[in-house]
Amino acid sequence: MRCGACGAVVGPTARFCDQCGTRLPAGEPSLEPGSGRPDGGAAAGPAPTDLDGGRATGSAASESSAMGETGDRRIVTALFADLVDYVRLVAEHDAEEVQRLVDEALAAMVDAIARFDGTPEKFIGDAVFAVFGWPVAHDDDALRAAHCGLAIRAALASLRDPSGEALQVHIGIATGEVVAAPRGVAGTTDWSLTGPAVTTAARLQGVAQPGEILVDDATIRAARKGLTIEDLGERVLRGQTRPVRIGRLIGEATFQPWRPPAGPFVGRTAEREAIGAMLDELALRDRGGLVLVEGEPGIGKSRLIASFEPDARRAGLAWTWVDNVSYGGSEPYRFARSLAQAVADEFGTDSGSTARQLLFTPDADPADVRVWAGAVAAMARDAAFSGWEAEASLVPRDPGEVARAMRSVAVRYIERLLEVAGPRVIVVDDLHWLDVSSAGVFDELIAIAERLPLLLLVASRPDSVRADWLHGARVRTIRLVGLDEPETGELAAAVAGAPVAQPDVQRLHARTGGNPLFIGETVRAIVDEGALTSDGRLAIGGADGAAMPVTLRALLGGRIDALSSDCRTILRVAAVLGMSFAEATVEDVVDRPVDPTIYERLADAAMIVPIDAAGGWRFCHPLIHDAAYSSLLASDRRTLHARVADEIQRTQPDVRVGVIAGHRAAAGDPGAVPLLIAAAEQAIALGAGIEAGAYLDAAAELASGDAAEDLRARAAEARGEVAVGGR
C-alpha cells in the first residue's frame with residue numbers, strides 16, 4: 001500500500017505513514033497534506049477549507065492562502081516524544097509486529113495531542129513532534145502541552161511490547177517564540193516552524209530517561225502552578241551555548257493560574273473618594289494638586305482616571321488627556337506637543353494659532369515674548385506648529401537655552417490657559433514613557449498645580465516615579481491593587497453579558513488576583529468558546545482550566561488569532577503606524593479600500609477604540625499593540641515600515657523628519673542615515689541631546705566602517721551636551 005500524501009510504500013496494517021506521518025485510510029478521514037493535523041480525533045473533525053468564525057479550521061497551508069499572509073511570530077510550546085528501545089524492538093522481534101505496535105503508539109500520541117488541541121507536526125519513525133499554539137493559539141498552550149505529555153506517558157504505559165513489557169517514552173517540552181512561515185522546496189510549499197523552542201524540546205527529549213518528561217524554565221513559568229515539577233538545575237544542551245534550567249514533570253497539581261485582562265469599570269470605591277475629593281476642591285475652591293495613580297499594566301489606572309471625566313465636565317472643569325507611548329521616548333518634546341495639540345483641539349484650531357493667542361498679549365514683556373517665540377519656533381521646525389516661520393531667527397542657539405525657554409513657554413502657556421478657560425484637569429497617562437525633553441515641562445506643570453486651579457491626574461507603572469515632587473503638600477499617591485471577589489464577579493458578568501455563579505466567581509478571582517485587564521480578557525476568551533451552562537450562566541471552571549490564560553502575550557496572541565484574516569491584517573498594519581492611527585493612512589499603506597466594519601469588529605473584540613469622528617483609532621492597551629506588532633515577521637515589518645514612510649512622505653509633506661527617519665530605519669533602509677542625522681541635529685537644536693544620541697545610534701546601526709564609528713562618537717557627544725546644557 002502507498003501513502004496518498006507522499007507516495008511512500010507502507011505496511012498493510014499501518015495507520016500512519018512512516019515518512020510523512022499521514023493517517024492512512026482505514027475507515028477514518030485522512031490527514032490533509034502539509035498540515036500535520038489528523039482529522040477525526042477528539043478535537044479535530046472533518047477538515048473544512050476556509051475559516052470558521054475567524055479561526056483556522058483547515059490546514060495551516062490553506063489558512064495562509066485564505067489570509068494572504070506570509071507567516072508570523074508567535075509563542076508556542078513544542079513537544080517531542082520518542083519511543084524507548086525502538087532499535088532493540090526491531091532487532092529482537094518481527095518487523096511487521098513492531099510496525100503494528102509503533103502504529104498503535106503513534107495513534108495514542110496523536111489522540112492525546114488532539115485531545116489538548118495541539119498540532120502533530122512531524123512523525124519521524126517512532127517519534128512525534130507536536131506544537132501547541134500554532135496554527136491557532138490558546139491562552140494556556142504550555143499547560144496543554146504538559147498535560148499532553150502526561151497523557152502520552154499514561155497511554156503508552158497501557159501498551160505492551162511482544163515480550164510483555166510496557167512501552168515507555170522520552171518526552172521534551174519547551175516554550176518560546178518561533179517564526180511560522182511557508183517554505184517552498186522542489187516545487188512544493190509547506191509550513192515550517194523555526195525557533196529555539198523547537199530545538200530545545202528536541203534536545204530535552206534526547207537527554208530524558210525512559211518515562212521521563214523534561215520541561216524548560218519557560219514552560220514552567222508559562223504553566224505556573226498547574227503542575228508538580230522537580231527542579232533539575234541548569235544544563236547546557238547539545239548544540240547550544242547558554243544553559244537551560246530544566247524541570248522534571250511529575251504530574252498535575254492544584255490548578256492556580258496567574259492573574260489575567262480588563263473590561264467595564266467597576267469598584268475602586270476608596271480610590272474614587274480620594275480623587276473625588278481633589279476634584280471637589282478644584283471645582284469649589286480653585287485649589288489644584290496632583291494625584292499619582294500607580295499600578296501594574298492592566299490594573300485599571302487609565303479606567304479609574306477616565307471615570308471622572310463626566311464628573312469634571314458636569315462641574316464646569318475643562319478636561320485634557322495626554323498619552324505617553326513607548327515608541328515616543330526619542331521624539332523631542334513629544335509630550336509638550338501632544339498637550340498643545342490636545343488643547344488646540346478643544347478650541348477647534350491648530351497648535352500654532354492657539355499658542356500665539358495664549359502667549360502674545362498686549363501686557364506681555366517684549367523680552368519674554370522673544371524667548372517664548374524662539375522656543376515655539378524651535379518646535380515649529382518639526383511642523384508640530386504652523387505659522388511660526390517669521391520667528392525662526394529668534395530660535396536660541398545654545399541647547400541649554402532652548403530647554404530653559406521651553407520651560408518658560410510652558411509656564412506662560414498654562415497660566416494663560418487657566419486664565420482664559422478656567423480651572424482644568426490634565427491627565428498624563430503612562431508617565432513612565434515621558435520623553436526626556438519634556439521632563440522640565442512636566443515639572444513646571446506640577447509647580448503650577450501647587451498654586452493655581454489645575455489638577456493633574458497621572459498614571460504610571462509601580463515605582464517608576466522617583467522625584468522630590470512626590471512629597472509635595474498637594475500630591476496624593478494611590479497604589480491600585482486587584483479587585484476584590486465581589487467586584488471580580490461584577491466585572492466578569494458585565495463583560496460576559498451573563499450571570500456568573502458564586503463558585504465560578506471565587507475560582508476566577510483566585511486565578512486572576514483581581515487584575516481587571518486579565519479578568520476581562522479571560523472572560524472574553526471563555527465567552528468566545530461558548531462556555532455557557534444550560535441555564536445561561538458563564539462557566540468559568542473546567543477540569544483542566546483550559547480557558548484560563550497563562551501569559552499575557554499568549555492570551556493576546558490567541559485573541560488576535562481568533563480574528564478574521566482581514567482583521568488581523570489591518571490590526572498588524574495599524575500596529576506599525578503606532579498606538580494611534582487613522583483609517584486613511586491604513587488604506588494608503590495597504591493600497592485598497594478597507595471595509596469600515598473591520599474597524600467595528602476590532603472594536604467589538606476590544607482591540608481598538610475610536611478617538612474621533614474622522615476615522616481616528618487607538619489601541620485599547622499598549623500590550624495589545626505590542627502583541628500585534630510582535631506577531632509580524634521581521635521581513636513583513638520592514639516592508640510595512642517602508643510603505644508607511646512612502647505614504648507619509650507622499651501625503652504628509654510637512655511631517656517631522658524624525659517620524660520618517662524612524663520608519664526608514666525600521667525598514668532597514670540605508671537611506672535613513674541622512675534622515676536620522678537631520679533628526680538628531682534638530683533634536684540638538686532643541687536641547688534634546690539624549691534623543692539626538694538615539695537617532696545617531698540608529699544611524700550607526702545602518703552605516704559601516706569609519707562612518708559608523710563617527711556616528712557613535714557623535715551620539716556620545718550629543719548625550720554629553722544635554723547633561724551639561726539641557727538638565
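**Helices and strands of the predicted model**

Helix α7 has 17 residues (269-285), which at 1.5 Å a residue should span 24 Å, and its end C-alpha atoms agree with this, being 23 Å apart. The expected span here is 1.5 Å times one less than the number of residues. Helices (H or I, at least four residues) and strands (E, at least two) are DSSP runs, numbered from the N terminus. The model is predicted, so local features need pLDDT of at least 70 and side-chain atom pairs pLDDT 80 or more, while totals for chains, interfaces and linings use all residues. Residues are numbered from 1 along each chain as its sequence is written, and side-chain values use heavy atoms, without hydrogens and water.

Several residues of α7 are buried, among them Glu271, Ala274, Met278 and Leu282; buried means under 20% relative accessible area, exposed over 50%, and partly exposed in between (1.4 Å probe, protein chains only). The buried residues of α7 pack against strands β11, β13, β14 and β15, and also against α8 (301-306) and α9 (309-314), where contact means heavy atoms within 4.5 Å. Just after the helix comes Asp286, with a positive phi of about 55 degrees.

The strands touched by α7 lead to an open sheet of 5 strands, paired in parallel in the order β12-β13-β14-β11-β15. Two strands count as paired if DSSP finds at least two bridges between them. At the edges stand β12 (318-323) and β15 (475-479); each has a single partner strand, so one side of each lacks a neighbour in the sheet. On average, neighbouring strands of this sheet are turned by 15 degrees against each other, direction ignored. Axes are lines fitted to C-alpha atoms, for helices over the stretch in contact, and angles run from 0 to 180 degrees between N-to-C directions.

Between β12 and the parallel strand β13 (residues 424-429) there are 6 bridges, and Val322 stands opposite Val428 in β13. Helix α13 (residues 399-421) packs on the sheet, where α13 touches β13 and β14 (454-460) and makes about 135 degrees with the direction of β13. Helix α14 (residues 439-451) also packs on the sheet, touching β11 (289-294), β13, β14 and β15, with its direction at about 135 degrees to that of β14.

Elsewhere, strand β3 (residues 72-83) is mostly covered, with 10 of its 12 residues buried. β3 runs antiparallel to β5 (residues 127-132), joined by 6 bridges, and Ala78 has Val131 in β5 as its bridge partner.
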